[in-house]
Amino acid sequence: MTSILRLPHAFKLVASALVLALQSQAYAAEAPPAEVHLDYAYYSPVSLVLKHFGWLEQALPQSKVSWVFSQGSNRSLEYLNSGGVDFASSASLSAVLARANGSPIKSVYVYSRAEWTALVVGKNSPLQSVADLKGKKIAATKGTDPYLFTLRALQQAKLSKDDVELLHLQHPDGRIALEKGDVDAWAGLDPHMAASEIQAGSRLLYRNKDFNSYGVVSVTERYAKEHPEAIKTVLGAYEKAREWSLKNPDQLAQLVATESGLPLDVARLQLSRTDLSNPRLTEQDTTASKAAAPILVSEELVRRGTDVGQVIDQLIDPSYADAVVVKP
């Protein structure tokens, strides 16, 4: 009889133990990571602000924050896949390409919506249209938004990559090749593109804002599973940097100029083509990415049989940004 009377008390003890165990697991899951690695890039002004002011270091005082410079989406995603960074800044379509080819990543934030790429020709170039590029040399960084922009522009002009000679140069090297006359055109990327316009008189041969994909911050699926709160903390710091950027456009231009080593008028031209107003991933973003997907299939940039639409649905995860972005 005594043991029966004690059963409720025993249940309470077991329940308490379970609660404590769950709390301990939750605490372990929420503990900040020992280190956080991020990239920063001239094509992502908000990342420059975040790095400059040290707001993430303040938000994660128990973590060692390390920064890695990225020259383009391809390098950024390579760093993410190799573990060199935990947060990677790339063009959204480049992230789609990476995910479609086996990289288990998720895009969690929009750092900008910029017209950051166009097809650029030299000051004295006789070329007047994309169709004129047939048989010509084009510098483009494979796996980046400018590269994919080039393929879409060629397709629209009823050309393919086989109709031109693509030289896979990093963005700064592509600019140099154009200005030296080693290539006929270059798939430019700001701020290098803006610098070439102002400093060398280069001309934008073809612009199409709809062919520019937006910029995203991505993480691996494993990191998202292990450090969901760290992601929110990082995005919260990004938000602080984005809001500062919107309120201080002159200081932002000066910071971009200082970090990139380029003149202030170059930074201002870059920022005039950069929209920082909406960091949340939306249904429209999913639709835009899917509209660009056919080029990945037709140019055999993804593995045969890949359902790119499904890849995009798996890639884009708005929940983290939704948790930290203050809705207007």
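These legends walk through a few close-up views of a predicted model. Local features need pLDDT of at least 70 and side-chain atom pairs count only at pLDDT 80 or more, while totals for chains, interfaces and linings use all residues. Residues are numbered from 1 along each chain as its sequence is written, and side-chain values use heavy atoms, with hydrogens and water left out.

**View 1. Helix 11 and its cover.** Helix 11 takes in residues 249-260; helices (H or I, at least four residues) and strands (E, at least two) are DSSP runs, numbered from the N terminus. Its twelve residues should span 16 Å at 1.5 Å a residue (1.5 Å times one less than the number of residues), and the end C-alpha atoms are indeed 16 Å apart. Tucked away as buried (under 20% relative accessible area, 1.4 Å probe, protein chains only) are L252, A253, L255, V256, A257 and S260. Helix 2 (45-53), helix 10 (228-247) and helix 12 (264-272) are among the elements covering them. Just past the helix, G261 has a positive phi of about 75°.

**View 2. S66 in strand 2.** Look for S66 within strand 2 (residues 64-69). With 18% relative accessibility, S66 counts as buried. Apart from neighbours within four places in sequence, S66 is in contact (heavy atoms within 4.5 Å) with V36, H37 and L38.

**View 3. An open sheet.** Here four strands line up in the order 3-10-4-11, with antiparallel pairing; two strands pair if DSSP finds at least two bridges between them. Strand 3 (88-91) and strand 11 (274-275) are at the edges with a single partner strand each, so one side of each has no neighbour in the sheet. In strand 11, T274 is the bridge partner of A114.

Notes: Buried < 20%, exposed > 50% of the residue type's maximum accessible area, 1.4 Å probe, protein only.
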